[in-house]
Amino acid sequence: MSEKGLFQKIIDGEIPAERVYEDDDFVAFKDVAPKAPVHLLVVPKTFSPRLDEMLDAQGPADVGALLEAAIKTARANGLHDYRLVINVGPGAGQEVFHTHVHIMAGWEEAAPLG
Ligand code: AMP
């Protein structure tokens, strides 16, 4: 059996994380090295290594459910405007091979436009 990955350990409570949303199928927590004033990660409890493999193994409904969970996480954290990023593969910057969505927001508070 392969070794449990970082995000699976967070899901199972074996590594601490600041959780900001959870339901039966997803957990969201703060990114430990934020690249935006607000930087959250939304992670499916069912393991897949990357988004395209999730589509192949689980189908489009689960890909849609991941986006739904990201929107629910944003709303639960009072976010109205935000960026969703999914890195798919190492060439695109994916470092943790457990499918996840980045939610990034909060620039308007940090540096008001105009
Ligand atoms: P990616 O590059 O798309 O695979 O994103 C992985 C993200 O996981 C990065 O933004 C990291 O800062 C974040 N990360 C790594 N370790 C942890 C951790 N223990 N808790 C929370 N976020 C983490």
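**Close-up views of the ligand and its pocket**

**View 1. The ligand has 17 residues around it, and Asp-31, Lys-35, Gly-93, Glu-95 and His-102 come nearest.** Welcome to this predicted model. By class, the shell around the ligand holds eight nonpolar residues, five polar ones and four charged ones. Asp-31 is a good place to begin, as one of the residues that come nearest to the ligand.

**View 2. Oxygen atoms of the ligand lie close to polar atoms of the protein at Asp-31, Val-96 and His-100.** At Asp-31, an N or O atom of the side chain is 2.5 Å from a ligand oxygen. Val-96 takes part through its backbone: a polar atom there lies 2.8 Å from an oxygen of the ligand. For His-100 it is again the side chain to look at, with an N or O atom 2.9 Å from a ligand oxygen. How much of the ligand does the protein bury? Taken alone, the ligand exposes 510 Å², and 86% of that is buried by the protein.

**View 3. Helix H1 and strand E2 help to form the shell around the ligand.** H1 spans residues 6–11 and E2 spans 26–30, and each supplies at least two residues of this shell. Which element gives the largest share? That is H1, with three residues.

**View 4. The largest pocket is where the ligand sits.** This pocket holds about 420 Å³ of space. Its lining counts 22 residues, and those closest to the pocket centre are Phe-7, Asp-31, Val-32, Leu-41 and Val-96. Two of these names will be familiar from View 2: Asp-31, whose side chain has an N or O atom 2.5 Å from a ligand oxygen, and Val-96, whose backbone has a polar atom 2.8 Å from one.

**View 5. Helix H1, strand E2 and strand E3 each bring residues to the lining of the largest pocket.** E3 runs over residues 38–44, and H1, E2 and E3 each supply at least two lining residues. H1 gives the most, with three residues. Sorted by class, the lining of the largest pocket has eleven nonpolar, six polar and five charged residues.

How values were computed:
Residues are numbered from 1 along each chain as its sequence is written. This is a predicted model: local features need pLDDT of at least 70, side-chain atom pairs count only at pLDDT 80 or more; totals for chains, interfaces and linings use all residues. Side-chain values use heavy atoms; hydrogens and water are left out. A residue is near a molecule or strand if one of its heavy atoms lies within 4 Å of it. A polar contact is a pair of N or O atoms within 3.5 Å; within protein, one must be able to donate a hydrogen and the other to accept it, and residues adjacent in sequence count only if both atoms are side-chain atoms. Accessible areas come from the Shrake-Rupley method with a 1.4 Å probe; for residues, only the protein chains shown count as cover. On a 1 Å grid over the protein atoms alone, a cavity is a set of points where a 1.4 Å probe fits but cannot get out, and a pocket is an open set with protein on both sides within 12 Å along at least five of seven lines; lining residues have an atom within 4 Å of a point. A molecule sits in a cavity or pocket if more than half of its atoms lie within 2 Å of its grid points. Helices (H or I, at least four residues) and strands (E, at least two) are DSSP runs, numbered from the N terminus. Ala, Val, Leu, Ile, Met, Phe, Trp, Tyr, Cys and Pro count as nonpolar, Asp, Glu, Lys and Arg as charged, and the others, Gly among them, as polar. Grid points are joined across faces, edges and corners, and a volume is the space filled by probe spheres set on the points.
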